[in-house]
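Reader: Could you take me carefully through one part of this structure, the barrel and what surrounds it, with the cut-offs behind each term?

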Amino acid sequence: PVRAGQSAAEYFESLNSAQTIEEEARRKLALQSQRANQVEQLQQENTRLRELLGLHERFKSEAQAAEVLYDAPDPYTRRVIIDRGQVKGVALGSPVIDEAGVLGQVTRVDPLLAEVTLVIDRDFAIPVLNTRTGARSVAYGDPIANGGGLELRYMPANADVQAGDLLSTSGVDGVYPPGLPVARVDKVERRADSAFARIHCVPLGLVMASRHVMVLSPL
C-alpha cells in the first residue's frame, strides 16, 4: 500500500508537471504568433509608407503626413477623421492621397483634427482624365454600387471608354495636381434606350483601409 501510494503521488505530480509545461508551451506559442503578426503588420505599413513617399516625390507639391483616426459618425456618408488640423496648417479643400492614389478631400477643419470626404461619398466629384484617350470627364462618388466606387456620368453611349481604362486627375479644377491616380474603369453599360452610358469605376485609393495618408496643399 505504501508503494502504491507513492506511485500514485508520483503519477499525479508528473501529470501536473506535464500540464504546466504544456500550458507554458502554448503561452509561448501564442506570444510568438502575436509577435509574428505584429512584424507582418509593421512590414506592410513600412511598404505603404515608402510607396506613399514615392508618390509624393513624383509631384513635388507641399504636403504633410497624417494618420486616419476613425470613421466619421454619420452612417450615411463616407468620411474619415485625420490627426491634423488648423494648428498644423491643413487648409479646407486640401487633396488627400494614400500610397495608391487619391483618397479624398478635406471638407472640414478643426484646430487639431480634419474631416476628409472620401472619393466614394455621394457628394464627391472630381475632374478626371482618361489616360488612354486623353478625354476629360467628371467622376462622382457612388457609395452604393459594389460597396462603394465612382461613376462617370453624362458620357455619350458611343464614348470611347473601356473596362480597364485608368483615370487620373486632370488638374483643370485648380485643386488636385494633374496625374494623380484616381480610379480604373470596371464596367461599361450601353443601353439602346438611353443616350448615355453607365460607367462604373473602382477607386485606386484604399478608401476603407488606409491608415497613413498625405495631405497636399491645394493648387
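Author: In this predicted model, local features need pLDDT of at least 70 and side-chain atom pairs count only at pLDDT 80 or more, while totals for chains, interfaces and linings use all residues. Residues are numbered from 1 along each chain as its sequence is written, and side-chain values use heavy atoms, without hydrogens and water.

Strand β3 (residues 95–97) and strand β12 (residues 212–216) run antiparallel and are joined by two bridges, where strands are DSSP runs of E with at least two residues, numbered from the N terminus, and two strands pair if DSSP finds at least two bridges between them. Within this pairing, V96 stands opposite V215 in β12. The pair belongs to a barrel that six strands close in the order β1-β2-β5-β4-β3-β12, with antiparallel pairing.

V215 is also in contact with I82 (heavy atoms within 4.5 Å), and, leaving aside neighbours within four places in sequence, the contacts of I82 further include V213, V68, L69 and L112. I82 is among the residues that touch the most other members of the largest nonpolar core, which has 40 residues; such a core is a set of buried Ala, Val, Leu, Ile, Met, Phe, Trp, Tyr and Cys residues joined through side-chain atoms within 4.5 Å, buried being under 20% relative accessible area with a 1.4 Å probe, protein chains only.

Outside this core, Y154 in strand β8 (residues 149–156) has a positive phi of about 60° although it is not a glycine, and Y154 is exposed (over 50%), with a relative accessible area of 58%.

Technical notes. Helices (H or I, at least four residues) and strands (E, at least two) are DSSP runs, numbered from the N terminus.
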